[in-house]
Amino acid sequence: MSDLYVSWSDYHRNIEQLAVKIYQSNWQFNQILCLAKGGLRVGDILARIYDLPLAILSTSSYGGVNNQVRGSITISRDLTMTTANLGSHILLVDDLVDSGVTLKKALTWLDRKYGFYVEEVRTAVLWYKACSVIAPDYYVDYLPDNPWIHQPFEPYEKMSPAELATLPEKPTPAS
């Protein structure tokens, strides 16, 4: 398996490119739902760009050494949202679609729990791997060789508060 290393600037540029692709499709949606943890940053930025409410569904499927071992999928019991009801046209976002199992199960979960409210769901990710069992509606990069994606926030997965406390403080800018 190859590796793809993503910088913070590349990461944010990809989110911006995703926002443009969605915009150019002319699809009208009224809710963004992100899959956390990976889709949380993507969903947050898209919610700011589109000025739409953000709902969060926590999911987990990776753990083990360097958080690279796929295990069973855990989906939270309910959504976190600031609106009384979920929107009728939902953009479901995540950072990537790897096997596609999490995205597929999240769509099933959403239909079972909120299908009464939802008229349409479309999916959006930054990276779409060829090995996925589901194709997202919107994506920035299609990855035919299925690389392991090293995202810029991964160093925090190997860091503890105690280690952070030993780092030298950065100087504060002069006012």
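**View 1. Burial of the two faces of strand β2 in the predicted model.** On one side of β2 lie Q31, L33 and L35, and on the other lie I32, C34 and A36; all are buried. The strand covers residues 31–36, and 6 of its 6 residues are buried, leaving β2 mostly covered.

**View 2. Pairing of β2 with β5.** Strand β5 is formed by residues 89–93. The two strands run in the parallel sense and are joined over 4 bridges. Within this pair, C34 of β2 stands opposite V93 in β5. C34 belongs to the side of β2 that also carries I32 and A36.

**View 3. The cis peptide bond between A36 and K37.** Omega for this bond is about 25°. A36 is one of the buried residues of β2, while K37 is placed in the loop between β2 and α2 (40–50). Most peptide bonds are trans.

**View 4. N26, a residue with positive phi.** Phi of N26 is about 65°, although N26 is not a glycine. Most residues other than glycine have a negative phi. N26 is found in the loop between α1 (8–24) and β2. N26 counts as exposed because its relative accessibility is 60%, and the cut-off for exposed is over 50%.

**View 5. D51, a residue with positive phi.** The phi value of D51 is near 55°, and D51 is a residue other than glycine. D51 sits in the loop between α2 and β3 (54–63). With a relative accessible area of 69%, D51 is exposed.

Methods:
Residues are numbered from 1 along each chain as its sequence is written. This is a predicted model: local features need pLDDT of at least 70, side-chain atom pairs count only at pLDDT 80 or more; totals for chains, interfaces and linings use all residues. Side-chain values use heavy atoms; hydrogens and water are left out. Buried means under 20% relative accessible area, exposed over 50%, partly exposed in between (1.4 Å probe, protein chains only). Two strands pair if DSSP finds at least two bridges between them.
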